[in-house]
Amino acid sequence: MKPAEILQASNHRPWPLPTGGWVMRQTWRELLFAHWPVGPEVLRPLIPAGLTLDTFEGRAWIGIVPFRMTDVRLRACPPIPTTDRLPEINVRTYVTLANKPGVWFLSLDAGSPLAVAVARATFFLPYFRASFSIQRHGETIEYASRRLGRGAPPARFAANYAPLGPASHAPPGTLADWLTARYCLYSSSRAGQIYRGEIHHAPWTLAPASAEIGRNTLLEPWNIRLPDVPPLLHYAEHLEVLCWPLRRALR
């Protein structure tokens, strides 16, 4: 799909398209949303001043999202080797500022050292270099990651996941919509300044999913213990995304 076609569909957004031009496009593939409810008191200490932890019916949520990125390129630029397609897994929760709900990343692991270095420097995001093994068997994704790098907190994840049924758009106001209909991310500079990075895409097409998580130490750096309940699981086959540059987030 051409960027102009992606931009045409915007009536579903909770606020208008950002001003200025987008700077990067990406396609997210074979994505699993695995979410667990947690007490707000667990996550509030991890959110910087200036942002408000977002909750749904009084509960905060933490998500682990493994996927692959393809077609990653800057606007009007050819693909950059080693960064145009790469695996990623992120740990996230949800925040809001000035009536713009968004994503706060606790960590992001990616398979490209160059992409990790650029994202840390330009987007102030806690990226880490990692190795990945991803195989597809029919509709089942066999996914494993291992964080690399001296001094990086160790973290591993391994799971087999697959869609369970037909995909559809989550109805507005539902938990699935609240978790996934996020059109910006937030990050914080070393000086403590809050930034917002806006994105745009069509509404998520989500399928219910199954997942067998064999190993998960991604949350150990914060001593977060997930509740003893099954995660809420959704699968998305692909989504095309446009990204805008970071801007200072104002109240």
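## A walk through the model, from the core outwards

Start in the middle: the largest nonpolar core has 37 residues, and Trp-28, Leu-31, Trp-61, Leu-125, Tyr-127, Trp-178 and Trp-204 make the most contacts inside it. Show those seven as sticks. Keep in mind as you click around that this is a predicted model.

Now colour by secondary structure. At least two core residues each come from strands S1 (24-38), S3, S4 (86-97), S5 (100-110), S10 (194-201) and S12 (232-243), and from helices H3 (113-123) and H4 (175-180). S3 gives the largest share, with five residues. There is also a second, separate core of 35 residues; select Trp-15, Leu-53, Leu-219 and Ala-249, which are among its members.

**Next stop: charges over rings**

Go back to Trp-178, one of the core residues with the most contacts, and add Arg-182. Arg-182 lies over the face of Trp-178, 4.4 Å from the ring centre. Then pick Arg-120 and Phe-128: here the charged end of the arginine sits over the phenylalanine ring, 4.8 Å from its centre.

**Next stop: the aromatics**

The structure holds 10 aromatic pairs. Select Phe-132 and Tyr-143 to begin with. Their ring centres are 5.9 Å apart and their planes stand at 80 degrees, so this pair is edge-to-face. Phe-132 is in strand S6 (residues 127-137) and Tyr-143 in strand S7 (residues 140-147), 11 residues apart. How do they differ in cover? Phe-132 is partly exposed at 21% relative accessible area, whereas Tyr-143 is buried at 2%.

Add Tyr-161 and you get another pair with Tyr-143, this one tilted: 6.4 Å centre to centre and 40 degrees between the planes. Tyr-161 sits in strand S8 (residues 156-163), 18 residues from Tyr-143, and counts as buried at 1% relative accessibility. To see the whole group, bring in Phe-157 and Tyr-235: together with Phe-132, Tyr-143 and Tyr-161 they form one aromatic cluster.

**Next stop: the salt bridges**

The count comes to nine salt bridges, and Glu-30 is a good place to join in. Glu-30 is buried, with a relative accessible area of 10%. Which residues does it bridge to?

Select Arg-68 for one partner: the closest N and O atoms are 3.0 Å apart. With Arg-68 in strand S3 and Glu-30 in strand S1, this pair ties together parts 38 residues apart in sequence. Arg-68 itself is partly exposed, at 24%.

Arg-136 also meets Glu-30 in a salt bridge, at 3.0 Å from N to O. Because Arg-136 lies in strand S6 and Glu-30 in strand S1, the bridge connects parts 106 residues apart in sequence. Stay on Arg-136, which is partly exposed at 35%, and add Glu-237. These two form a salt bridge with their closest N and O atoms 2.8 Å apart. Glu-237 is in strand S12, so the S6 to S12 pair ties parts 101 residues apart in sequence. Glu-237 is partly exposed too, at 37%. Show all four side chains at once: Glu-30, Arg-68, Arg-136 and Glu-237 are joined into one network by salt bridges that share partners.

**Last stop: the surface**

Switch on the surface and select Leu-74, Ile-80, Leu-114 and Val-118. They form a nonpolar patch with about 310 Å² of accessible area together. Leu-74 is found in strand S3 (residues 60-74), the strand that supplies the largest share of the largest core. With 40% relative accessibility, Leu-74 counts as partly exposed.

Note on methods
Residues are numbered from 1 along each chain as its sequence is written. This is a predicted model: local features need pLDDT of at least 70, side-chain atom pairs count only at pLDDT 80 or more; totals for chains, interfaces and linings use all residues. Side-chain values use heavy atoms; hydrogens and water are left out. Patches are made of residues with over 30% relative accessible area and no salt bridge: like charges are joined within 9 Å, nonpolar side chains (Val, Leu, Ile, Met, Phe, Trp, Tyr) within 5 Å. Accessible areas come from the Shrake-Rupley method with a 1.4 Å probe; for residues, only the protein chains shown count as cover. Helices (H or I, at least four residues) and strands (E, at least two) are DSSP runs, numbered from the N terminus. Buried means under 20% relative accessible area, exposed over 50%, partly exposed in between (1.4 Å probe, protein chains only). A nonpolar core is a set of buried Ala, Val, Leu, Ile, Met, Phe, Trp, Tyr and Cys residues joined through side-chain atoms within 4.5 Å. Rings of Phe, Tyr and Trp (its six-membered ring) pair if their centres lie within 6.5 Å; planes under 30 degrees apart count as stacked, over 60 as edge-to-face and the rest as tilted. A charge sits over a ring if NZ of Lys or CZ of Arg is within 6 Å of the ring centre and within 35 degrees of the ring normal.
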